[in-house]
Amino acid sequence: MAFTLPERERAAVRKQRYDSCFILPVAEVDKGTAYPCTKRALALLTDENLPVLSPPDAVPALTATSALEEALGPAFNSCPDAVAALQRFRVNGLNPQEWGPDLMFKAFGDLDRAFFMGHLRNRAILKWDHDWRFRNQGLAGVFDTSWGLAVCTDMRGRSKKAWIYLNANKLLLPHYIQLGHIWSVLLHEMLHIYLNLRTGLLPEEPMYRRYDSTYLYPHGPNFERSWRAIRSRFPGNLPETLEDE
């Protein structure tokens with residue numbers, strides 16, 4: 001029979017994870033959660049000052065969706081890089097006994113290779129943040145009621161990195177949140193960025209512009225099709241996204 005910590009100790013572990021995601025650097029290769037990654041990969045995901053990789057040529061959203069569905073279908077097993085990335089995630093990230101918020105950074109590259117053909121590499125920044133910070137920055141009613149957020153600050157030129165924010169208050173502190181929920185939210189936000197990068201924000205996936213010139217991503221039919229393809233390839237149980245709860 002598996003040993004389960006008392007709730008007081010489990011709460012202490014959750015609080016420790018929460019606190020550690022605001023101690024910089026959040027992720028280091030030789031510290032924290034054991035997951036194979038490189039210093040370069042972590043730098044590309046956390047350093048906003050590094051040069052940004054140019055985006056791929058824009059295609060219609062239906063084309064981007066079909067490409068993802070094809071890559072995650074039977075053709076997946078013919079791509080050694082994607083297969084190896086998913087295997088590393090299955091072994092090291094799917095259900096580790098001990099983990100911290102650095103795990104999301106360390107596994108990001110493998111999730112990108114396995115599910116998004118590597119399109120997010122050097123094109124996205126990942127951050128944990130407080131929900132109250134976003135209320136103070138004018139995003140009241142958005143991040144404080146969401147589990148994660150994908151934001152782009154350069155709609156037409158597409159020359160800047162996109163940002164993925166994970167809500168530490170909602171994903172690390174509640175007792176009912178499992179690791180699978182965090183993977184679900186992270187992949188959900190990664191999919192938003194993938195569609196942005198591939199389509200160049202064409203009309204098939206319109207954006208909602210806020211007064212502060214940021215753009216928030218909707219959930220259209222192409223997003224839903226892509227999400228089903230991701231869930232079908234995920235190794236294990238990927239809970240439905242919590243975004244709309």
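## Burial and overall composition

Of the 245 residues in this chain, 52% count as buried. The model is a predicted one, with a mean pLDDT of 84 for the chain and 79% of residues reaching 70 or more. The chain exposes about 12100 Å², of which carbon and sulfur atoms supply 53%.

The chain contains nine helices and five strands. Read from the N terminus, the order of elements is α-α-α-α-α-β-α-β-β-α-α-β-β-α. Among contacts between residues at least 6 apart in sequence, 77% join residues at least 24 apart.

## Nonpolar cores

In soluble globular proteins, nonpolar side chains tend to be buried together. Here the largest nonpolar core comprises 58 residues, and Met104, Trp128 and Trp183 have the most contacts inside it. Helix H8, spanning residues 179-199, gives the most to this core, contributing twelve residues. A second, separate core has five residues, among them Ile125, Leu149, Val151 and Trp163.

The surroundings of Met104 can be described residue by residue. Setting aside residues up to four places away in sequence, Met104 touches Trp99, Leu126, Trp128, Leu166, Leu179, Ile182, Trp183 and Leu186. Two of these partners, Trp128 and Leu166, are also bridge partners of each other, with Leu166 lying in strand E3.

## The E1 and E3 strand pair

Strand E1 (residues 124-129) is largely enclosed by the rest of the structure, because five of its six residues are buried. E1 runs parallel to strand E3 (residues 162-167), and six bridges join the two. Within this pairing, Leu126 stands opposite Ile164 of E3, while Trp128 has Leu166 as its bridge partner.

E3 is mostly covered, with six of its six residues buried. In a regular strand the side chains alternate between the two faces of the sheet. In E3, Ala162, Ile164 and Leu166 point one way, whereas Trp163, Tyr165 and Asn167 point the other way; all of them are buried. Trp163 also belongs to the second, separate core of five residues.

## Ala162 in strand E3

Ala162 is found in strand E3. Its relative accessible area is 3%, under the 20% limit for burial, and Ala162 is therefore classed as buried. Apart from neighbours within four places in sequence, Ala162 is in contact with Arg123, Ala124, Ile125, Val151 and Ile193. Of these partners, Ile125 and Val151 are included in the second core.

A further spatial relation links Ala162 to Asn196: the two residues are 34 apart along the chain, and their C-alpha atoms are separated by 9.1 Å.

## His130 after strand E1

His130 lies in the loop between E1 and helix H6 (131-136). Although located in a loop, His130 is buried, with a relative accessible area of 11%. Its side chain is joined to that of Tyr18 by a polar contact of 2.8 Å.

## Confidence of the model

Where pLDDT is low, the predicted coordinates should not be read in detail. This caution concerns residues 208-213, over which pLDDT stays under 50. For this segment the model has 13 contacts beyond four places in sequence.

Notes:
Residues numbered from 1 in each chain as written. Predicted model: local features only at pLDDT ≥ 70, side-chain atom pairs only at ≥ 80, totals over all residues. Heavy atoms only, no water. Core = buried A, V, L, I, M, F, W, Y, C linked by side-chain atoms within 4.5 Å. Buried < 20%, exposed > 50% of the residue type's maximum accessible area, 1.4 Å probe, protein only. Helix = DSSP H or I, 4+ residues; strand = E, 2+ residues; numbered from the N terminus. Contact = heavy atoms within 4.5 Å. Pairing = 2+ DSSP bridges. Areas by Shrake-Rupley, 256 points an atom, 1.4 Å probe, with all protein chains shown as cover. pLDDT = per-residue confidence, 0-100. Polar contact = N/O pair within 3.5 Å; in protein donor to acceptor, adjacent residues only side chain to side chain.
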